[in-house]
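Grab a pencil and work through these short exercises with the model open beside you. Each task comes with a solution in steps.

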Amino acid sequence: RRPGVFCRTGQVAQLGVSVRSWVSSHGLFLNVSPNLTWTRLVKPDSPFGRLTSLQAARGKPVSMQAAREGLIRHLAGWLGYERYHLYTGHRYLKRTKKATVYA
């Protein structure tokens, strides 16, 4: 009923999809290791009543690059993609050595 990924410490991710006038849009958030004091400003759609992060759920630091690559690989496999590209132009996310993956 509620879209998102929940763990014992709260909501860690959410995916939204819409189609309007034959145009599809999508968005995703995954809290990797944000300053959780800022999440008090956001009202989560969570049965736990709060947002959390991978770092808080695991109890140890999580690399942004590892989270990004793991998410992309998992989604590509789940969607049946044999080829995909790991790249981002964001200054805090370094380009990986394996740009194109052949499964």
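**Exercise 1: the pocket wall**

Task: find which elements each supply at least two residues of the lining of the largest pocket.

Solution. Start with the strands: β2 (10–20) and β3 (23–30) each supply at least two lining residues. Then add the helix α2 (64–79), which also supplies at least two. Helices here are DSSP runs of H or I with at least four residues, strands are E runs of at least two, and both are numbered from the N terminus. Next, rank them: α2 gives the most, with five residues.

Before going on, note that this is a predicted model, where local features need pLDDT of at least 70, side-chain atom pairs count only at pLDDT 80 or more, and totals for chains, interfaces and linings use all residues. Residues are numbered from 1 along each chain as its sequence is written, and side-chain values use heavy atoms, leaving out hydrogens and water.

**Exercise 2: the lining residues**

Task: describe the make-up of the lining of the largest pocket.

Solution. Count first: 15 residues line the largest pocket, and L15, L28, L71, L75 and W78 lie nearest its centre. Now sort the lining: eleven are nonpolar, four polar and none charged. Nonpolar covers Ala, Val, Leu, Ile, Met, Phe, Trp, Tyr, Cys and Pro; charged covers Asp, Glu, Lys and Arg; the others, Gly among them, are polar.

**Exercise 3: the whole chain**

Task: give the order of the elements in the protein chain.

Solution. Tally two helices and five strands. Reading from the N terminus, the order is β-β-β-α-α-β-β.

Note on methods
On a 1 Å grid over the protein atoms alone, a cavity is a set of points where a 1.4 Å probe fits but cannot get out, and a pocket is an open set with protein on both sides within 12 Å along at least five of seven lines; lining residues have an atom within 4 Å of a point.
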